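These notebook entries record what I looked up in the structure, topic by topic. They are meant for a reader who is meeting it here for the first time.

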Amino acid sequence: MPTGTGFASPTGAEATTGGIETAMQAAAILAPAGAEQLKIAPNANGFGAEITGIQLKDADAATFAAVEAAFNRYSVVCLRDQRMTPPELRDTIKRFGPLETHTLLQYTLPGIPEIYVLANIEENGRQIGAHNEGIGWHTDLSYKEKPVMMTALYGLICPPEGADTLFADMTLAYEALPEDEKRRLDGLRIHHSYQSWMATRADRAPLTEAQKALTPDVKHPLIRTHPVTKRKSLFIGTGTVWGIDGMDRAEGKALVDRLVEYATEPRFQLAHKWREGDLVLWDNRCTLHTGTLFDDQKYKRHIHRMMVKGDLPF
Ligand SMILES: [Fe+2]
């Protein structure tokens, strides 16, 4: 298992970077009551932060801006002890930007199609959510022309062990590359094919023509610039990666696989151990993530997932 610092015991104290301090000061000036309670505790290496003391659904503009700044700075944030109904969750996440709809509608929440259910729970003879989805390092909807910016997971029922969500910091991984390797990768584009990937999955029904029309192949820069922080990161993955544009397919795939192996080394990782009420937000522009398994005979798991639309990668 990885040895990421995890949210459970962040080793950093208070935020120490300029962006967050500025946001916190703004919060203090504009909303003293909220700012007093808001606590942002980043991990020592600057990847991941735990946020406590607020209910995000009630956040005023300044407090919300501080959370947004922490999201951009630390790439993965966990807000503890959130209490939200599904409509409140939808309305809260919508404050970060327009919500993404889902290609597969089977497990979206009845009446709230922006919420996708992950669960091993049956109600009225029907599985209410997808189970064991998202295993394998990836970034969400990277096979789309405009991949999603943020993914939000809200934990309703969380097993006491297992089911960790693992994250890897693609900015740190990029920055740690030798300069000649950075130059070699500069300008390469990754070719994603959702349709080819789905065709390899025996557990899924074939895509309809309408679903295919929504998911043409796309090519994205392998090195991506974060539109807010301007930092560069690796934009890689597994699953839908077909190869590298203009390169022999096997050679391109092998290069991406090698990069994923490197960029998900424990030194770049963070393991999130779930507690009920956790709202975890991650930045798909500069991280990889993977689900992990749990004892699904012994434990129940119930998670609500939402995604916020993103821009064209550059
Ligand atoms: Fe995912």
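**Entry 1. Terms and overview**

I began with a term needed below: two strands are taken to pair if DSSP finds at least two bridges between them. I also noted at the outset that this is a predicted model.

I then looked up the overall make-up. The protein holds nine helices and 18 strands. Of its 314 residues, 42% count as buried. I checked the contacts with a separation of 6 or more as well, and residues 24 or more positions apart account for 79% of them.

**Entry 2. Strand β9 and its partners**

I turned to β9 (165-169). Four of the five residues of β9 are buried, and the strand is thus mostly covered. Which strands pair with β9? I found strand β15 (residues 269-272), antiparallel to β9 over four bridges, and strand β17 (residues 287-291), antiparallel to β9 over five bridges. I followed L166 to both partners: it stands opposite A271 in β15, and opposite T290 in β17.

**Entry 3. The eight-stranded sheet**

I next traced an open sheet of eight strands, whose order is β1-β2-β3-β16-β8-β18-β5-β4 and whose pairing is mixed. Which strands stand at the edges? They are β1 (39-42) and β4 (108-109); each has a single partner strand, so one side of each lacks a neighbour in the sheet.

At the β1 edge, I looked up the link to strand β2 (residues 49-52). The two strands run antiparallel and are joined by four bridges. Within this pair, K39 stands opposite T52 of β2.

**Entry 4. Helix α4 on the sheet**

I looked for what covers this sheet and noted helix α4 (residues 86-93), which packs on it and touches β4, β5 (112-119), β8 (150-157) and β18 (302-308). The direction of α4 makes about 110 degrees with that of β5.

Which residues of α4 are buried? I listed L89, T92 and I93. These residues cover an arc of only 90 degrees around the axis, which means that they lie on the same side of α4. They pack against β5, β8 and β18.

**Entry 5. The loop between β1 and β2**

I returned to the first pair of strands in the sheet order to examine G48, which lies in the loop between β1 and β2. I asked whether G48 is buried or exposed. G48 has 29 other C-beta atoms within 10 Å, and a residue counts as buried at 20 or more, so G48 is buried. I also looked up its distance to L281, a residue 233 positions away along the chain: the C-alpha atoms of G48 and L281 are separated by 9.8 Å.

**Entry 6. Two positive phi angles**

I searched the loops around β8 for unusual backbone angles. L141, in the loop between β7 (126-127) and β8, has a phi near 55 degrees, a positive value in a residue other than glycine. L141 is buried, because 23 other C-beta atoms lie within 10 Å.

In the loop between β8 and β9 I found A163. A163 is not a glycine, yet its phi is positive, at about 65 degrees. It counts as buried, because it has 23 C-beta neighbours inside 10 Å.

**Entry 7. Strand β10 and its partners**

I then looked up strand β10 (residues 189-192). It pairs with strand β11 (residues 218-221) in the antiparallel sense over four bridges, and H192 has V218 in β11 as its bridge partner. β10 also pairs with strand β14 (residues 241-244), again in the antiparallel sense, over three bridges. There the bridge partner of I190 is I244.

**Entry 8. The largest nonpolar core**

I closed with the largest nonpolar core. Which of its 69 residues touch the most other members? They are A70, V77, M170, L234, I236 and A263. Helix α3 (residues 61-74) gives the largest share of this core, seven residues. Where does the core lie? Domain 1 (7-168 + 269-308) and domain 2 (170-263) both contribute residues, so the core lies between them.

I took I236 as a case to follow. Neighbours within four places in sequence aside, I236 is in contact with I190, L222, V256, L259, V260 and A263. One of these contacts, I190, is the residue of β10 that was noted above as the bridge partner of I244 in β14. As a general note, nonpolar side chains tend to be buried together in soluble globular proteins.

Terms used:
Residues numbered from 1 in each chain as written. Predicted model: local features only at pLDDT ≥ 70, side-chain atom pairs only at ≥ 80, totals over all residues. Contact = placed C-beta atoms within 7 Å. Axes fitted to C-alpha atoms, helices over the stretch in contact; angles between N-to-C directions. Buried ≥ 20, exposed ≤ 12 C-beta atoms within 10 Å, placed from the backbone. Core = buried A, V, L, I, M, F, W, Y, C linked by C-beta atoms within 7 Å. Domains from an automatic or database assignment. Arc of directions from axis to C-beta.
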